[in-house]
Amino acid sequence: MCIKKNMLVRVQIEDMTEQGEGIGKVDGYTLFIKDTVVGDLVEAKVIKAKKRYGYGKLLRILTPSPDRVESRCPVAGPCGGCQLQAMNYAGQLAFKRRKVENHLRRLGGLDIPVDPVLGMEDPWEYRNKFQVPVGRNRDGKIICGFYAGRTHSIIETEHCYLGNEINDRVLRLVKDHMETFGIEPYNETTGRGLVRHVLVRQGRATGEVMVCLVINGRCLPHADRLVEALCAIPGMTSVSLNVNRERNNVILGQELINLYGPGHIVDRIGDISYQISPLSFYQVNPVQTEKLYATALEFAGLTGNETVWDLYCGIGTISLFLAKQAKQVYGVEIVPAAIENARENAVRNGIDNAEFFVGRAEEVLPEHYRKVWKETGEKLRADVIVVDPPRKGCDEKLLDTMLQMQPERIVYVSCDSATLARDLKVLCGGGYQVKKVQPVDMFPMGVHCEVCVKLEKLEKEKTEETSRKA
Ligand code: SAH
């Protein structure tokens, strides 16, 4: 059968893309169909037909997959926030494990076992952070919500099931304030208008709440009235403005204007407390963060004598856990506000064996390496190196320096298994062996998956043997 646009087809969904779209075949021709789940038998309309593959629109589910469930959220389909809500949680965890395995095999050349994904008991209301754009809908009403998948049109969200009612209250107050005082939302096309994004962050352990409005200017009309209204929300600790006048996709600008409170909130993970500024990265799922950090700490295998580098350290979250069990920890992070938080956090937890540097990991570490080499003729020492880079993974210069340093163990915490696989290939080529791969589900209902990997230095003989064979 030759597949053409507008044709109606019956498709058995056999697999899913990394983005959570169903994949099925009709007479050997591959179709990608959004909103379907592995195991569904569906009727679809072909909306685009290329030579080797096409796209279908789901019309009817003929036989639902055993993993299919009713989406909880009414806008689960159009909203780009959740891609896997129509799949039960066990199915989501299996999907993520397969994704990590595939990446490691295909992009890393690594045929190694991946542990079952550590999931949540209750995979809802987990997010401690909301960052949503503000705009107008077709009727001219001010709305906040997530972007529809792969677009910049905002899907209004009155309540997101991944968060709690505090976000809903904040967003309602911000919208009311804008309507009352005629404040324009920012328009991406014209570059006009004031309010771009609303950021809400909660310390789930402490109950402290932070609100930051990202604005295309330096002044919010009647800001005192908004602060007053927001302060009626229990736990409101910090209200600020972030100035972003650039016409780009980056959400936060550099400048903060404090409206209320100390400019940060405090949260706790395990027995360590952290102050967090609006500009600093902080993991969004506190329940799973504890599991992730516990895994990273276990993989680091510390006894109290080790020197550890924690690269991409943010506000020093992992660094401070490590510091409690190591001799000395050095953290490196690019955002100055995060390093300020990290230094404060060491002090507030009485930790004096952690030192932090602002800069790019791929510059700071090689510079230290060269300096120590020049001054002492010895290699910069690390027993363990921890990396936790953003999605794009580690820079090659950084990986090179890590290989020169030859730590006993490397712990790689990754939020993108594709770049993880690429980097592991380099590390394994440089004399390291992957010992354990533990995915942790930080983003239930979404397609992303966090992974923690333990690498060990191959003993010398083994390295030589491998290189002789090669
Ligand atoms: N380990 C921390 C932060 C991980 S997120 C935690 O668990 O909380 C990744 C961090 O890397 C962010 O804080 C980001 O600002 C930082 N970053 C991004 N590029 C960097 C680079 N080239 N060098 C150092 N840090 C970088």
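**Exercise 1. List the residues that line the second largest pocket of this predicted model, and work out which elements and residue classes supply them.**

Solution. Begin with the lining itself, which consists of Asp15, Met16, Thr17, Glu18, Phe95, Arg98, Lys99, Asn102 and Arg106. Next, assign these residues to secondary structure: strand 1 (8-16) and helix 1 (89-108) are the elements that give two or more residues to this lining. Of the contributors, helix 1 gives the most, with five residues. Then sort the lining by class, which yields two nonpolar, two polar and five charged residues. Finally, add the volume of the second largest pocket, which is about 150 Å³.

**Exercise 2. Describe the shell of residues around the ligand, and identify which helices supply at least two residues of that shell.**

Solution. The first step is to count the shell: 17 residues surround the ligand, and the closest are Tyr293, Thr317, Glu333, Ala361 and Asp388. The second step is to divide the shell by class, which gives nine nonpolar, four polar and four charged residues. The third step is to look at the helices, where helix 5 (317-323) and helix 7 (361-376) are each found to supply at least two residues of the shell.

**Exercise 3. Find which atoms of tyrosine 312, threonine 317 and glutamate 333 approach the ligand, and state how much of the ligand the protein covers.**

Solution. Take the residues in turn, with a cut-off of 3.5 Å between N or O atoms for a polar contact. In tyrosine 312 the approach is made by the backbone, where an N or O atom lies 3.1 Å from a nitrogen atom of the ligand. In threonine 317, by contrast, a polar side-chain atom lies 2.9 Å from an oxygen atom of the ligand. Glutamate 333 likewise uses its side chain, an N or O atom of which is 2.7 Å from a ligand oxygen atom. As for coverage, the ligand on its own has 580 Å² of accessible area, and the protein covers 91% of this.

**Exercise 4. Determine how strand 5 (residues 53-63) pairs with strand 3 and with strand 4.**

Solution. Consider strand 3 (residues 29-33) to begin with: this strand runs parallel to strand 5, and four bridges join the two. A residue pair that helps to locate this pairing in the structure is phenylalanine 32, which stands opposite tyrosine 55 of strand 5. Turn then to strand 4 (residues 41-49), which pairs with strand 5 in the antiparallel sense over eight bridges. Here alanine 49 stands opposite glycine 54 in strand 5. The last step is the connection, in which strand 4 and strand 5 form a hairpin with three residues between them.

Conventions. Residues numbered from 1 in each chain as written. Predicted model: local features only at pLDDT ≥ 70, side-chain atom pairs only at ≥ 80, totals over all residues. Heavy atoms only, no water. Near = heavy atom within 4 Å. Polar contact = N/O pair within 3.5 Å; in protein donor to acceptor, adjacent residues only side chain to side chain. Areas by Shrake-Rupley, 256 points an atom, 1.4 Å probe, with all protein chains shown as cover. Nonpolar A, V, L, I, M, F, W, Y, C, P; charged D, E, K, R; others polar. Pairing = 2+ DSSP bridges. 1 Å grid on protein atoms, 1.4 Å probe; cavity = no way out; pocket = protein on both sides within 12 Å on 5 of 7 lines; lining within 4 Å. Points joined across faces, edges and corners; volume = space filled by probe spheres on them.
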